[in-house]
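Here is a short, friendly look at some charged pairs and one helix. Have the sequence and the 3D view open as you read.

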Amino acid sequence: MMDTDFLQPDEQALAQRFIDDGFVTTRADDRNGLDRIQRRAAELAADYLKLPPSNDPYAMLDSIHARVSVDDLNGLRLHVFNGLNAEPWFRPTYFRLARSTIETIVGNELCMQRRVNLSIQLPGDSSSLLATHSDVWSGDSPFEVVVWVPLVDVQRTKSMYLLPPSLNGEMQDRMASLRSAEELYKTIKPHATFIEIPYGHVMLFNQTLMHGNRVNEEPGTRWSMNCRFKSIMSPYADKRFGEFFEPILLRPATRVGMQYKLPGGFHG
């Protein structure tokens with residue numbers, strides 16, 4: 001018997017897509033929440049750039065390259081990043097964007113990264129590149145998934161690329177003969193997929209797979225957020241419980257079990 005026999009047909013299909021492709025994209029569960037995040041990001045950007053609030057947050061974010069230089073980009077990113085993460089509603093809302101998909105792929109007793117990351121990539125900007133990598137190479141657990149959410153439409157080089165699971169192991173085995181991250185990218189380039197995600201959708205991807213981005217050759221600026229989730233009981237790597245992750249969902253039976261002590265004061 002397969003474990004998927006206990007899932008509903010739509011959950012089985014979603015789980016199989018994640019296993020086969022290494023990612024799934026789906027409509028945001030909470031579109032109003034996503035719009036609220038987008039509006040707040042645009043307000044914070046306007047505040048940093050000393051501009052009046054925009055009536056069209058999508059257009060403002062997508063065309064922000066007309067208002068900010070590459071030299072000032074990280075200052076803008078940090079201002080928006082800190083402002084979003086300071087909002088008490090932000091992380092619960094971010095979780096709700098993909099809750100049903102997270103619970104199908106990961107489970108329903110969860111830890112969430114303490115701060116949601118933000119990326120801004122201007123057209124033609126080579127200073128915001130993320131070389132080909134797997135998150136597990138730098139201290140992440142293979143039991144984590146990344147929830148990746150764009151605040152504008154993303155496609156081609158305005159998005160990120162991902163190597164399919166069927167080739168990831170083979171390409172990792174070839175890394176010892178390669179001399180640089182750029183050489184690694186050229187090796188995987190014929191097989192990597194740039195993932196198209198319209199605004200209003202979210203992606204969960206397997207961060208053990210090689211991924212990264214390239215110079216944005218599209219006319220608009222990429223704004224995307226990413227955050228890691230994992231089952232609270234699954235193994236951790238360098239990024240630890242209570243430091244990098246904090247629990248967001250813990251069921252009553254688990255709480256009882258964690259607190260129970262056998263006679264004599266020993267934990268069960």
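The notes below cover salt bridges and then the packing of a helix.

Please keep in mind that this is a predicted model. The count comes to 15 salt bridges, and three of the pairs are set out here.

| Pair | Closest N to O | Relative accessible area |
|---|---|---|
| Glu43 and Arg40 | 3.1 Å | Glu43 42%, Arg40 24% |
| Glu103 and Arg99 | 2.9 Å | Glu103 27%, Arg99 33% |
| Arg228 and Glu144 | 3.9 Å | Arg228 10%, Glu144 2% |

Two of these pairs sit within a helix. Glu43 and Arg40 belong to helix H2 (residues 31-49), three residues apart, or about one turn. Glu103 and Arg99 are found in helix H6 (residues 99-105), where four residues, again about one turn, separate them. Glu43 is partly exposed, and so is Arg40; Glu103 and Arg99 are partly exposed as well.

What does the salt bridge between Arg228 and Glu144 tie together? Arg228 lies in strand S9 (residues 222-231) and Glu144 in strand S4 (residues 144-150), so the pair links parts that are 84 residues apart in sequence. Arg228 is buried, as is Glu144. Through shared partners, salt bridges join Asp135, Asp140, Glu144, Arg228 and Lys239 into one network.

Now for the helix. In H7 (residues 165-173), the buried residues are Leu167, Asn168 and Met171. Viewed down the axis of H7, these residues fall within an arc of 120°, so they line one face of the helix. The buried residues of H7 pack against helix H8 (181-188), while Ser166 and Asp173 are exposed on the other side of H7.

How values were computed: Residues are numbered from 1 along each chain as its sequence is written. This is a predicted model: local features need pLDDT of at least 70, side-chain atom pairs count only at pLDDT 80 or more; totals for chains, interfaces and linings use all residues. Side-chain values use heavy atoms; hydrogens and water are left out. Buried means under 20% relative accessible area, exposed over 50%, partly exposed in between (1.4 Å probe, protein chains only). Helices (H or I, at least four residues) and strands (E, at least two) are DSSP runs, numbered from the N terminus. The arc is that of the directions from the helix axis to the C-beta atoms. Contact means heavy atoms within 4.5 Å. A salt bridge is a side-chain nitrogen of Lys or Arg within 4 Å of a carboxyl oxygen of Asp or Glu.
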